[in-house]
Amino acid sequence: MAPGKHSRQDVSFALELLSASAEGSTDGYRSITEALEAATASDGGVLKEIMADLKAKAQEEPKWVDVTIPSIEMEPFKFTVGGAPSVTADVLRKLAGDPFGDEPKYGTAYDFFGGGEEGHDACVALFSLTAIGSIDTMIANFLTSLQRLVDHDSRVHGSINLNTETGRLSSRRPNLRNQPALEKDKYQIRKAFQASPGNNLIVADYMDNYNCAS
């Protein structure tokens with residue numbers, strides 16, 4: 001068996017061996033390392049290979065590198081509870097503005113980077129950063145859940161809860177009430193919902209129709 005590729009049974013056996021070979025004194029071993037080394041010296045075998053693997057990994061050079069990110073000296077306008085500059089989506093949107101509009105509306109980052117091409121590029125970069133977050137949300141909440149929960153006929157069967165404290169509907173597995181609005185559905189996720197042959201889908205909105213109990 002190649003070093004580093006041991007089954008659970010091997011590890012379990014090694015632990016049992018360690019327990020059986022430990023001294024019964026009141027003090028015992030001062031460290032786990034001493035106990036492992038003692039068991040390895042008395043038996044060897046699988047435990048010796050495991051110990052050799054552990055020592056080899058401990059001596060490997062770390063696989064990370066130090067990265068220093070210098071400050072751009074932009075004055076923050078929102079802070080976290082801990083006092084650090086906030087980089088939430090609303091902050092990034094204020095910095096970016098809407099550089100892709102028919103009439104671009106640049107955020108505060110435009111003037112900070114001197115305007116012109118550099119200011120435009122800065123706003124585009126920040127706007128793209130916020131877009132990545134919304135894409136991640138779209139994938140996690142809509143695309144992945146729909147793909148995972150379809151049946152063999154490519155149909156989804158969500159659960160609807162009518163008994164909520166507010167009287168509103170709630171939906172789960174998947175949350176069919178949380179699909180993107182028509183004007184925000186740039187990936188056309190809503191087109192994935194199609195009625196089976198001979199049936200129709202009915203879209204209703206009862207936003208102002210609340211259940212009231214006297």
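Before you click on anything, a word on burial: a residue is buried under 20% relative accessible area, exposed over 50%, and partly exposed in between, with a 1.4 Å probe and protein chains only. Phe100, a stop later on, is exposed by that rule, since its relative accessible area is 51%.

This is a predicted model, where local features need pLDDT of at least 70 and side-chain atom pairs count only at pLDDT 80 or more, while totals for chains, interfaces and linings use all residues. Residues are numbered from 1 along each chain as its sequence is written, and side-chain values use heavy atoms, with hydrogens and water left out.

**Stop 1: the whole chain**

Start with a cartoon of the protein chain. You'll see 6 helices and 4 strands; these are DSSP runs numbered from the N terminus, with helices (H or I) of at least four residues and strands (E) of at least two. Follow the chain along the sequence and the pattern reads α-α-α-α-β-β-α-α-β-β.

Now switch on the surface. The protein chain exposes about 17100 Å², with carbon and sulfur atoms supplying 54% of that (Shrake-Rupley method, 1.4 Å probe; for residues, only the protein chains shown count as cover). Of the 214 residues, 19% are buried. As for contacts (heavy atoms within 4.5 Å), take those with a separation of 6 or more: residues 24 or more positions apart account for 39% of them.

**Stop 2: helix H4**

Select residues 89–96, which make up helix H4, and show side chains for Val91, Leu92, Leu95 and Ala96: these are buried. Look down the axis of H4 and the buried residues fall within an arc of 125°, so they line one face of the helix. That arc is taken from the directions from the helix axis to the C-beta atoms.

What do the buried residues of H4 pack against? Add strand S1 (97–98), strand S2 (105–106), helix H5 (108–112) and helix H6 (116–149) to your selection, and you have their packing partners. Just after H4, pick Gly97, which takes a positive phi of about 70°.

**Stop 3: the loop before H4**

Step back to Ser86, in the loop between helix H3 (45–58) and H4. Is Ser86 buried or exposed? It counts as buried, because its relative accessibility is 10%. Leaving aside neighbours within four places in sequence, Ser86 is in contact with Lys78, Phe79, Thr80 and Val91.

Lys78 is the one to click next. The Lys78 and Asp90 side chains meet in a salt bridge, 2.8 Å from N to O. The pair links distant parts of the chain, 12 residues apart: Lys78 is in the loop between H3 and H4, while Asp90 is in helix H4. The rule asks for a side-chain nitrogen of Lys or Arg within 4 Å of a carboxyl oxygen of Asp or Glu, and by it the count comes to 1 salt bridge. Side chains of opposite charge can pair when their charged atoms come close. Lys78 counts as partly exposed at 33% relative accessibility, and Asp90 does too at 36%.

While you have charges on screen, show Lys94 and Phe77. The charged end of Lys94 sits over the ring of Phe77, 4.4 Å from its centre (the test: NZ of Lys or CZ of Arg within 6 Å of the ring centre and within 35 degrees of the ring normal).

**Stop 4: aromatic pairs**

Rings of Phe, Tyr and Trp (its six-membered ring) pair if their centres lie within 6.5 Å; planes under 30 degrees apart count as stacked, over 60 as edge-to-face and the rest as tilted. That gives 3 aromatic pairs. One of them is Phe100 with Phe127, edge-to-face at 5.4 Å centre to centre and 65° between the planes. This pair links distant parts of the chain, 27 residues apart, with Phe100 in the loop between S1 and S2 and Phe127 in helix H6. Phe127 is partly exposed at 27% relative accessibility.

Then select Phe112 and Phe113, which also form an edge-to-face pair: 5.2 Å centre to centre, 80° between the planes. Phe112 is partly exposed at 35% relative accessibility, and Phe113 likewise at 32%.

**Stop 5: positive phi away from glycine**

From Phe112, draw a C-alpha distance to Glu73: it comes to 9.7 Å, with the two positions 39 residues apart along the chain. Glu73 is in the loop between H3 and H4 and is exposed at 70% relative accessibility. Although not a glycine, Glu73 has a positive phi of about 60°.

Finish at Ser154, in the loop between H6 and strand S3 (159–161). Ser154 isn't a glycine either, yet has a positive phi of about 65°. At 58% relative accessibility, Ser154 is exposed.
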